[in-house]
Amino acid sequence: MDYGNLQLRSKSFLDFTTDPAVLDGHSKADKEDFMQSLSPDNAPMSEQNRAITFMAFAEFCEDRQLAAAIEAEFGDEYRAVFNE
């Protein structure tokens, strides 16, 4: 995977996995809410939410390179979550 060109702002973590262990990692209600938020009928996911979701995915997969790529692309948005 080319971690320098992931184009994360136009994707969700679902673009990187079909693994049922990852997809079932949330309760059914949480998963339904999350999937609803990805629907094109809804307002686009905020960049802060996208960064948090990607970081949770990277931590779940224990992928330090992906976490670093997320930090590089969403650094300001990700840090803002903790400064509010």
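Here a student and a tutor talk through a predicted model of one protein chain.

Student: What makes up this chain, going from the N terminus on?

Tutor: The elements run α-α-α-α. There are four helices and zero strands. Of the 84 residues, 29% count as buried.

Student: How much area does the chain expose, and what share do carbon and sulfur atoms supply?

Tutor: About 5700 Å² is exposed, and carbon and sulfur atoms supply 50% of it.

Student: Let's look at helix 4. How do you know that helix 4 is not straight?

Tutor: Set the span against the expected one. Helix 4 covers residues 64-82, and a straight helix of 19 residues would span 27 Å at 1.5 Å a residue. The end C-alpha atoms of helix 4 are only 20 Å apart. There's a kink behind that topic, too: helix 4 bends by about 90 degrees, centred on Phe74.

Student: Which residues of helix 4 are buried, and what do they pack against?

Tutor: The buried ones are Leu66, Ala69, Ile70, Phe74, Gly75, Glu77 and Tyr78. They pack against helix 3, residues 47-61. As background, an α-helix has 3.6 residues a turn, so residues three or four places apart point the same way.

Student: What makes the contact at the start of helix 4 a polar one?

Tutor: A side-chain oxygen of Asp63 reaches to within 3.2 Å of the backbone nitrogen of Gln65. The cut-off for such a pair of N or O atoms is 3.5 Å, so this one qualifies.

Student: Where else does a side chain reach a backbone nitrogen?

Tutor: Try Thr17, in the segment before helix 1. The Thr17 side chain reaches the backbone nitrogen of Asp19 at 3.0 Å, and that is also within the 3.5 Å limit.

Student: Why is Thr17 called buried?

Tutor: Buried means under 20% relative accessible area. Thr17 has 13%, so it counts as buried.

Student: Why is the pair of Phe13 and Phe57 called tilted?

Tutor: First, the ring centres are 5.4 Å apart, and rings pair if their centres lie within 6.5 Å. Next, the planes are at 40 degrees. Stacked needs under 30 and edge-to-face needs over 60, so the pair falls in the rest and is tilted.

Student: What does that pair tie together?

Tutor: Phe13 lies in the segment before helix 1 and Phe57 in helix 3, so the pair ties together parts that are 44 residues apart in sequence. Phe13 is buried at 6% relative accessible area, and Phe57 is buried at 7%.

Student: How many aromatic pairs are there, and which residues do ring pairs link into a cluster?

Tutor: The count comes to three. Ring pairs link Phe16, Phe54 and Phe74 into a cluster. Phe74 is also where the kink in helix 4 is centred.

Student: What makes Gln7 and Glu62 stand out in their phi angles?

Tutor: Most residues other than glycine have a negative phi. Gln7 has a positive phi of about 50 degrees although it is not a glycine. Glu62, not a glycine either, has a positive phi of about 55 degrees. Gln7 sits in the segment before helix 1, and Glu62 is in the loop between helix 3 and helix 4.

Student: Why is Glu62 called exposed but Gln7 partly exposed?

Tutor: Exposed means over 50% relative accessible area. Glu62 has 70%, so it is exposed. Gln7 has 45%, which lies between 20% and 50%, so it is partly exposed.

Definitions and conventions
Residues are numbered from 1 along each chain as its sequence is written. This is a predicted model: local features need pLDDT of at least 70, side-chain atom pairs count only at pLDDT 80 or more; totals for chains, interfaces and linings use all residues. Side-chain values use heavy atoms; hydrogens and water are left out. Helices (H or I, at least four residues) and strands (E, at least two) are DSSP runs, numbered from the N terminus. The expected span of a helix is 1.5 Å times one less than its number of residues. The bend at a residue is the angle between axes fitted to the seven residues ending there and the seven starting there. Buried means under 20% relative accessible area, exposed over 50%, partly exposed in between (1.4 Å probe, protein chains only). Contact means heavy atoms within 4.5 Å. A polar contact is a pair of N or O atoms within 3.5 Å; within protein, one must be able to donate a hydrogen and the other to accept it, and residues adjacent in sequence count only if both atoms are side-chain atoms. Accessible areas come from the Shrake-Rupley method with a 1.4 Å probe; for residues, only the protein chains shown count as cover. Rings of Phe, Tyr and Trp (its six-membered ring) pair if their centres lie within 6.5 Å; planes under 30 degrees apart count as stacked, over 60 as edge-to-face and the rest as tilted.
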